[in-house]
Amino acid sequence: MAQYARSPAVAVIRLRNPPVNTLSFAVLQALEDGLEKADADPSVKAVMICGENGKFSAGADIRGFSSPNRPVKSLAALVSLIESSKKPVVAAIEGIALGGGLEVALGCHYRVAHVKARMGLPEVTLGLLPGAEGTQRLPRLIGVPAALDMITTGKHIPATEALKLGLVDEVVEENTVEAAIRLANKVIGQPLGPRRLSLKPVPKLPDMEAFLSQARVRVKKQAQGCLAPELCFQAVRAATQMPFADGVRRERELFMVLLSSGQARALQYAFLAERAAQKWTTPGGASWSSATPQPVRSAAVIGLGTMGRGIVTSLVKANIPVVALEQDLEYLNTGRKAVMLLLEREAMKMEVGAQTLDFHNPARLQFTVDFDSLRDVDLVIEAVFENMALKKEIFHKLSRICKPGALLCTNTSALNIDEIASATSRPQQVIGTHFFSPAHVMRLLEIIYGRHTSPTAIATAVQLAKALKKVGVVVGNCFGFVGNRMMFPYVQQAVFLLEEGSRPEAVDRVLEDFGFKIGPFRMSDLAGLDVGWRSRQGQGLTGPSVPAGTPARQRQGQRYSPLPDLLCESGRFGQKTGKGWYQYEKAGGRTATPDPWLHSLLAQYRDTHGIEPRFIDQEEILERCLFSLINEGFAILAEGIASGPEHLDVIYINGYGWPKHKGGPMFYASTVGLPRVLAKLHKYSEAHPDVPGLQPSAFLKKLAAVGNPPIKEWMSYLSQQSSRL
Ligand SMILES: CCCCCCC/C=C/C(=O)SCCNC(=O)CCNC(=O)[C@H](O)C(C)(C)COP(=O)(O)OP(=O)(O)OC[C@H]1O[C@@H](n2cnc3c(N)ncnc32)[C@H](O)[C@@H]1OP(=O)(O)O
C-alpha cells in the first residue's frame, strides 16, 4: 500500500496501489503511518513521497465515491498532516499526479517532476471539485487565473508548463526519485513556513472582482448544464475572499453538494463505462483478454469525401503512413487540397514543442488513383458513399490486391458487414469501422464485427482506435448497428410529434434543454435529409419501388410518416440547400430559423390526412423521443449486439452529443427507474397503437418485473432469462 525505506537521512514513502496508485483507505493509512514513523525517528531529517511503477497517483478511487466508507475525508486531513510536518517533505512526481494525487503533492513542501509527467485536478470532469483543500492551495501557489483554469476545466498539464506556472520546483529528465532525494537533503534545516501553502496569501490581481465576474461568465458558458464547473469557480472565489480555514469549510460544503448530486454519479459512471467498453466480448466467445492485435504500420483510405478526408487526417495525426486513393484525378486533386487544408489547421493547433505532422513527406502521405499502391499496406479503410454494390466491388478488388494479412475495414453507418465481406475471399479480415463526422475530431469509433470476423481483426481495430485517440466500441452487425439503430426511433418519434401537432423548433428546444448539443431536426438538417431519403429508398419505404395503392401513412402494417420524403421531393435537403426542417440564410448557412413554409406544409398535411392537431407538452416530447431510443437499446442488449449497457452509453456520449452529466441513455433510464420508463411506453403505445418504437421491449419488461435491478446487474438477468425473452 505504501512502502517505507531510508536513504539514509531521507525517509522514502512509496505509494503502491496498482495500476495507478489510487488513494484507497489502506494507502492513506500507510502514508499516515510512514509520516509518523519518519517524525518519530531522529535520524530522519526529511521525507520524500513517490509512487510505484513510475506513477505518482491518479487520486481518489472513483469507484469509492459511491461507497458509504469512502476515505475522502481522511485525504484532506492527511494533506494537512503532510504540510504541518516539521521535517521537509518532497514529492517526486513521475507519470501522473491527478486529483487527490496532486493535492497530496500540494501538501508537500517541494515538488520535483519528471519531464514526461502530467498533472491536473480533473475532479470537475467527474462532477466534483478538488475537495482535499486543492481549491484553496492551488490559487495560493500559481495564482487565481491559472488555478481557476486548471480546476474548472480539469485539464492535465505537462511538467514543463507546471514549472512555468510554479506548480513544481524542478523538472528533471533523469531519475526523479534520486533528484527528489537530492533536493530533500539540500533543504534540510531550511525554514518551512514559506513552503506551507495554507499560510501563503492568494496573489493579488489589479482588479480581482472584474476578473472573477468575467471568468464566471466563461465558466458558465463552457459548463453546458453541468453543475461542477460553477461550484469549482465558487470554491476558488472563496480562496480570494476568506482566510484559508474558512475557504476550506466552504470547499467542503460545495464538495458535499456535488457529491450527492446525480450529475457526479452520472459522470463517474461515464468514466468507468468508457473503461468497461474497452473490455469487449462477442457472443461467439472472442474477447479482449485473449485476442492479440496485429501491428498497423501503414494504412490506406479509399474515397476522399468528407469522411475519407477526416480519416486520413486522423491517421496522419497518429503518425501512421497513409496511402489515400480516389477514383480519378479530378476527385483526387479536390480531396488532396481538402486533406492538406485540414492537416495545416491541425498542425497549427498542435502544442509548441510537440512532434510535428510530417504530411508533406510522400513516404508518410501519398495520393493515388492506382489500386496497386495498396498492395503492401497493413490496413485499408474504405470510405466511399453508402452504396452496397460499389462497396462490394471495392472489397472484391481489395481481396485480390492486398497482402494476405491486411485488415479490410468499411466505413459504413448502417450497411451489412457480412454482405460486404461476402465479396472477398477473406471475410475473417473484414470489419466495420463507423467513424463519426468530422472524423478527425469525433472521439467515437463504432467497430462492427461480422459473422466471420476474426478476434485478431477486432483486436486490431480496437488498437487502431486507441492509436487514433478514439474510443472504440465493439458491436455486432445489424441494420444501423447500435448508434443509428437507437437513433431511428428517436427521430421517427420526433416526426410523428410534428404530424400530431408540434413544430420542429418546439421538439428541438425540449431536447436541447435536456442537454443534447442539437435537437433531432437541426441534426437532420446538418447531416442532410437526402442521406435518410436514399436509405429509405433502398429499403423500399419510399420512391418508385413502393407498390401502387400503398397508403401514404402505412408501411409493412405500421404507421409511416412521409413528411421527411415530402421535404426531399421539394429539394429541401437541410443546411446544404439552405432549407430543410428550418430555413437558413443561404445554401450552406448555419443559422436555423423557423420556416412559415414548413408550418403551412404541416397544416396542409394534417388537413389532407384528417389529423386534428393537439398541444403536445414538453414531457410527452421528451419521453416519446428518449424512451423509444432507450427501448431500442434494450432490444439491442437482448439480441447480444452489444455486451453491456455501458457500451451503448459510451456510444451516445461520444458520438451523438448525449449530455455526459446524464450518463448516457441506459444510465438515464436507470435513474428514471425502469418501471416508470415501461409505464410511459405502455401509455404512449396504447394511445398510438400503430406508431412503431413505442411497444416496450421484452428485456425492459423483464427487468422492470424483477424489481428494477441496478444497471450493473442487467446483463446477468439476460443470461438467466434469454431463452424466455
Ligand atoms: C470532504 C473531503 C473531500 C475529499 C475529496 C477528495 C478529492 C479527490 C478526488 C479525486 O482524486 S477524484 C479522482 C481524480 N483522478 C482522476 O480523475 C484520474 C482518472 N484517471 C485517468 O484519467 C486515467 O485513468 C489515467 C490515470 C490518466 C490513466 O490512463 P490510462 O489510459 O493509462 O489507463 P486507464 O485505462 O484510463 O486506467 C487504468 C486503470 O486504472 C483505473 N483508474 C484510473 N484512475 C482511477 C481512479 N482515480 N479511481 C479508480 N480507478 C482508476 C481505470 O479504471 C483502469 O482500470 P480498469 O477499468 O481497466 O480496471
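I count a residue as buried when its relative accessible area is under 20%. I keep in mind that this is a predicted model.

**Entry: helix α9**

I looked up α9, residues 228–241. Does its length fit, and what should its 14 residues span? At 1.5 Å a residue, the expected span is 20 Å. The C-alpha atoms at its ends lie 20 Å apart, so the two values agree.

Next I checked burial. Eleven of the 14 residues are buried, so the rest of the structure largely encloses α9. I noted the buried ones in order. They begin with A228, P229, E230, L231 and C232. F233, Q234, A235 and V236 follow, then A238 and A239.

Which helices do these buried residues pack against? I found α4 (134–142), α5 (144–153) and α8 (208–223). I also found α10 (244–259) and α11 (262–277).

**Entry: α4 with α10**

Two of those neighbours of α9, α4 and α10, I looked up as a pair. Their axes come within 8 Å and cross at roughly 135°. Angles over 145 would count as roughly antiparallel, and 65 to 115 as roughly perpendicular. The α4 and α10 pair is therefore oblique.

I then listed the contact. From α4 it takes G134, T135, Q136, R137 and R140. From α10 it takes F244, G247, V248 and E251. By class I noted two nonpolar, four polar and three charged residues.

**Entry: α25 with α26**

I moved on to α25 (residues 665–672) and α26 (residues 674–687). At what angle do they pack? The angle is about 95°, and the axes are 5 Å apart. That makes α25 roughly perpendicular to α26.

On the α25 side, the contact is made by A669, S670 and V672. On the α26 side, L674, R676 and V677 make it. I noted four nonpolar residues here, with one polar and one charged.

**Entry: the six-stranded sheet**

Last, I looked up a sheet. It is open and has six strands, in the order β1-β2-β3-β4-β6-β9. The pairing is mixed. Which strands form the edges? They are β1 (2–6) and β9 (170–172), and each pairs on one side only. From one strand to the next, the twist averages 20°.

I followed edge strand β1 to its partner. Five bridges join β1 to β2 (residues 10–15). These two strands run antiparallel. In that pairing, A2 stands opposite L15 of β2.

Definitions and conventions. Residues are numbered from 1 along each chain as its sequence is written. This is a predicted model: local features need pLDDT of at least 70, side-chain atom pairs count only at pLDDT 80 or more; totals for chains, interfaces and linings use all residues. Side-chain values use heavy atoms; hydrogens and water are left out. Helices (H or I, at least four residues) and strands (E, at least two) are DSSP runs, numbered from the N terminus. The expected span of a helix is 1.5 Å times one less than its number of residues. Buried means under 20% relative accessible area, exposed over 50%, partly exposed in between (1.4 Å probe, protein chains only). Contact means heavy atoms within 4.5 Å. Axes are lines fitted to C-alpha atoms, for helices over the stretch in contact, and angles run from 0 to 180 degrees between N-to-C directions. Angles under 35 degrees count as roughly parallel, over 145 as roughly antiparallel, 65 to 115 as roughly perpendicular and the rest as oblique. Ala, Val, Leu, Ile, Met, Phe, Trp, Tyr, Cys and Pro count as nonpolar, Asp, Glu, Lys and Arg as charged, and the others, Gly among them, as polar. Two strands pair if DSSP finds at least two bridges between them.
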